[in-house]
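Trainee: I would like to go through this structure with you and hear the reasoning behind each label. Can we start?

Mentor: Yes. Ask for the evidence each time.

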Amino acid sequence: LRGGFDFGVMLPLPHTSIWMYNAAGWSGGQRRNTLANYYFGGFQNNYVDNQDPKHYREYDSFPGFGIDEIGGQTFVKSTLELNLPPWRFENVGSPGFYLGWVRPAVFSGVLVTDPGNGTYRHTSRDVGFQLDLIFTVLNHLPMTLSTGYAWGFGGPHGTSTEWMLSLKIL
């Protein structure tokens, strides 16, 4: 069983917003059964992708840690995201290949696994950023090159970091 609630507000600075992504989940079964747990970690972008570049918004991602590094039968997670105004380019490229803009975002999150169980309760935090470079190929094929970096704190192995580079095609 899993649910989420996301909300955001525009800020006075043009093209700037702040968002809060919240999720919680419960799983039954034996703790030692790997299918009875939720797993979190990583930006979870593919090197070449066809989905939304901002995977860190999803309930099961947690940048700054390895993919599936953090696990638990129940969880509560919140991510705060600040979307900054895009940096627009003028006259960069040619009709066959041109740059549109860079869309920056900064985020921070907290994840508590097994909050109702004192023996297994664990709290992890992360903070990071992502830059999405929007460009066009062959006059009409939009693509996004994303790069990101995140620091994870309080994970199973202490503090860790993660880099991400992904190309969204179409």
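Trainee: How do you know that β11 and strand β12 pair, and in which sense?

Mentor: This is a predicted model, so the reasoning rests on its computed geometry. Pairing needs at least two bridges. β11 and β12 (residues 158–169) have eleven, in the antiparallel sense, so they count as paired. One bridge sets T147 opposite L165 in β12. The two strands form a hairpin with two residues between them.

Trainee: What makes β10 and β11 a pair?

Mentor: The rule is again at least two bridges. Strand β10 (residues 122–137) and strand β11 (residues 141–155) have 13, and the sense is antiparallel. F135 has M143 in β11 as its bridge partner. Three residues separate the strands in this hairpin, and L138 takes a positive phi near 55° there.

Trainee: Which strands does β6 pair with?

Mentor: Strand β6 (residues 74–83) pairs with β2 over ten bridges, antiparallel. Nine bridges join β6 to β9, also antiparallel. V76 shows both links. A24 stands opposite V76 in β6, and V112 in β9 is a bridge partner of V76.

Trainee: Why is T16 called buried or exposed?

Mentor: Buried means under 20% relative accessible area. T16 has 7%, so it counts as buried. T16 lies in the loop between β1 (2–10) and β2 (17–26). Beyond four places in sequence, T16 touches M10, L11, L82, N83, L84 and P85.

Trainee: What makes the link from T16 to P14 a polar contact?

Mentor: The distance limit is 3.5 Å between N or O atoms. The T16 side chain reaches the backbone oxygen of P14 at 3.2 Å. That is within the limit, so it qualifies.

Trainee: Why is H15 classed as buried or exposed?

Mentor: Exposed means over 50%. H15 has 63% relative accessibility, so it is exposed. H15 is in the loop between β1 and β2. Its phi is near 60°, a positive value in a residue other than glycine.

Trainee: And D68, what class does its accessibility give?

Mentor: D68 has 42%, between the 20% and 50% limits, so it counts as partly exposed. D68 lies in the loop between β4 (48–49) and β5 (70–72). Its phi is also positive, near 60°.

Trainee: Which residues make up the largest nonpolar core?

Mentor: There are eight: A23, Y38, F40, F62, F65, I70, F75 and L111. Members must be buried, and their side-chain atoms must join within 4.5 Å. L111 touches fellow members F40, F62, I70 and F75, among others. Apart from this core lies another, of six residues, including F43, Y56, F107 and A150. In soluble globular proteins, nonpolar side chains tend to be buried together.

Trainee: How many aromatic pairs are there?

Mentor: The count comes to twelve. Take F97 and F135. Their ring centres are 5.4 Å apart, within the 6.5 Å limit, so they pair. Their planes meet at 50°, between 30 and 60, so the pair is tilted. F97 is in strand β9 (residues 97–113) and F135 in strand β10, 38 residues apart.

Trainee: What are the accessibility classes of F97 and F135?

Mentor: F97 has 41%, so it is partly exposed. F135 has 9%, so it is buried.

Trainee: Why is the Y149 and W163 pair called tilted?

Mentor: The ring planes stand at 55°, so the tilted label applies, with centres 4.5 Å apart. Y149 is in strand β11 and W163 in strand β12, 14 residues apart. Y149 is buried at 13%. W163 is exposed at 62%.

Trainee: Which residues do ring pairs link into a cluster?

Mentor: Y38, F40, Y59 and F75.

Trainee: What makes R2 a charge over the ring of Y59?

Mentor: The distance limit is 6 Å from the ring centre, and the charge must also be within 35 degrees of the ring normal. The charged end of R2 sits over the Y59 ring at 3.8 Å from its centre. R31 lies over the face of Y120, also at 3.8 Å from the ring centre.

Note on methods: Residues numbered from 1 in each chain as written. Predicted model: local features only at pLDDT ≥ 70, side-chain atom pairs only at ≥ 80, totals over all residues. Heavy atoms only, no water. Helix = DSSP H or I, 4+ residues; strand = E, 2+ residues; numbered from the N terminus. Buried < 20%, exposed > 50% of the residue type's maximum accessible area, 1.4 Å probe, protein only. Polar contact = N/O pair within 3.5 Å; in protein donor to acceptor, adjacent residues only side chain to side chain. Contact = heavy atoms within 4.5 Å. Phe/Tyr/Trp six-rings, centres within 6.5 Å; stacked < 30°, edge-to-face > 60°.
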